[in-house]
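Trainee: I'm new to this one. Can we go through it together?
Mentor: Sure. Have a look, then ask away.

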There are 2 protein chains.
Amino acid sequence: MAIVLYDLMGADDRYFSPFCWRARWALAHKGQNIDRHPVRFTEIKDIHDGVYETVPVIDDGEITVGGSFDIALYLEDAYPDAPTLFAGGPGLARFAEHWVQTAVHPRLVRLIVSDIHDHLTPEDQPYFASSREKRFGVPVDQVQASRDDELPDFRKALTPLRKTVEEFPFLGGDAPAFADYLIAGAFQWARVISPYQLFEADDPVAAWFGRVLDLYDGMGRQAKGYELAA
Amino acid sequence: MAIVLYDLMGADDRYFSPFCWRARWALAHKGQNIDRHPVRFTEIKDIHDGVYETVPVIDDGEITVGGSFDIALYLEDAYPDAPTLFAGGPGLARFAEHWVQTAVHPRLVRLIVSDIHDHLTPEDQPYFASSREKRFGVPVDQVQASRDDELPDFRKALTPLRKTVEEFPFLGGDAPAFADYLIAGAFQWARVISPYQLFEADDPVAAWFGRVLDLYDGMGRQAKGYELAA
């Protein structure tokens, strides 16, 4: 029996919802045929007597699931013999790496670059000061001077991580994976070398980072560094 | 025999390199002890006669590997009986979802929101126009009017995806995973409803999106929509 997909309908036979497309590809991935039930925005409230405010929604026999991610989780569970939707491998870890390099490191270095300088051995300080002044266009202490103003943007940039570790102990799920280490490395960089407090006390990112620091008999936490207030 | 880790050293016994921390946690994850060789920035050029410009570098017996990601790949291959560094599961897929919701959707909707309106059935247009005007503060055609100016920022926001799909066919690796569908849904949303060309012709993101469109007998490509120039 085909799975019913309530799919958002535009004019002229156009099915455009990005969330319904996620579900359609997931259903195809699991080898499932669909019985499409087109709905307009203004008709979503009529699906199953108004339980759902958004599509996609699927009916698999008696079971109804709404939301593309929950649909994927359901399909993974209900159809374990079809290829997994949650393959790992280096691809997704690489994506996490490119995210941290793009979204986190460039913002974070500006908050701690003068502290880094001050914690280098005298042999390294001239190299570091001149190479970073070249990169930033101003001396490292000037870069760092505006960090209180830049902190909110840094914290906001962590949103994808924050929302994920609110739900899962680690990016790897119940256990850490290289993607966790890729990102935690950035915060450990700061913790070892700077007393500056990156996180608000109740930030789920701080809690997750604490979990990474505790791994392997507290290897990360035992390294010489500054205390986290969070 | 312990694996040698060339680890960046600060003053006062501080080991702060984010990239070396990635490698340290990865080595611990694989149950490997390390023999730490501290190096200063200005000493990196002396490792193995100057082959490396950055650390971490490891020596595992006769084998030398540089770069935290390549080290992780090496460890995964060399120590397959230890827990995988590249676990998948829903955690990383959720991270990809939060990234697309945070970095992509808010930018993309501004480029196509009036086109969406114009491709809705007449029954839906008043609801859409008023709810989106409330969200954006101006009518949808005004939101979209500045799209040529906003396009470069949209394209730049795709950097983590772009760099990943330059290297791997899919985020899932050789085969697609739900993370691919999560992100491709955004671009399919645009393709179905808007003639606006999001990608430069040689953008690796466009090539990856084309691969997703080809999946399952071209399911995505066959959906009524606009042609991609890229």
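Trainee: By what turn and shift can chain A be laid on chain B?
Mentor: A turn of 180° and a shift of 0.0 Å along the axis do it, with an RMSD of 0.0 Å. The superposition is by least squares on the C-alpha atoms of residues with pLDDT of at least 70 in both copies. The two copies are thus related as by a two-fold rotation axis. In chain A, the C-alpha nearest that axis belongs to A:G88, 1.6 Å from it.

Trainee: Anything to know before I read on?
Mentor: This is a predicted model, where local features need pLDDT of at least 70, side-chain atom pairs count only at pLDDT 80 or more, and totals for chains, interfaces and linings use all residues. Residues are numbered from 1 along each chain as its sequence is written, chains are lettered from A and ligands numbered from 1 in the order in which they are written, and side-chain values use heavy atoms, with hydrogens and water left out.

Trainee: How many residues does each chain give to the contact?
Mentor: Chain A gives 84 residues and chain B gives 84 residues. Contact means heavy atoms within 4.5 Å.

Trainee: And what area is buried between the chains?
Mentor: About 8,000 Å², with 70% from carbon and sulfur atoms. Buried area is the accessible area (1.4 Å probe) that two parts lose on being put together, summed over both.

Trainee: Which three residues of chain A supply more of that area than any other three?
Mentor: A:R22, A:W25 and A:F95. They supply 11% of what chain A buries against chain B.

Trainee: New topic, the sheet. What is the strand order in chain B?
Mentor: The order is β2-β1-β3-β4, an open sheet of four strands with mixed pairing. Strands are DSSP runs of E, at least two residues, and helices are runs of H or I, at least four residues, numbered from the N terminus. Two strands pair if DSSP finds at least two bridges between them.

Trainee: Which strands stand at the edges?
Mentor: β2 and β4 (63–66) of chain B, each with a single partner strand, so one side of each is left without a neighbour in the sheet.

Trainee: How do β1(B) and β2(B) run?
Mentor: They run parallel, joined by six bridges. B:L8 has B:V39 in β2(B) as its bridge partner.

Trainee: Which strands does α1(B) touch?
Mentor: α1(B) packs on β1, β2 and β3 of chain B. Helix α2(B) lies across β1, β3 and β4 of chain B.

Trainee: At what angle do the axes of α1 and α2 of chain B cross?
Mentor: Roughly 10°, and the axes come within 9 Å. Axes are lines fitted to C-alpha atoms, for helices over the stretch in contact, and angles run from 0 to 180 degrees between N-to-C directions. That makes α1(B) roughly parallel to α2(B), a label for angles under 35 degrees. Residues making the contact include B:F19 and B:L27 of α1(B) and B:I71 of α2(B).

Trainee: Back to chain A. How do β3 and β4 pair there?
Mentor: In the antiparallel sense, over four bridges. A:D59 stands opposite A:T64 in β4(A). The hairpin has two residues between the strands, and A:G61 takes a positive phi near 60°.

Trainee: Where is there a cis peptide bond in chain A?
Mentor: Between A:V55 and A:P56, with omega about 10°. A:P56 lies in the loop between β2 (34–39) and β3 of chain A.

Terms used:
Angles under 35 degrees count as roughly parallel, over 145 as roughly antiparallel, 65 to 115 as roughly perpendicular and the rest as oblique.
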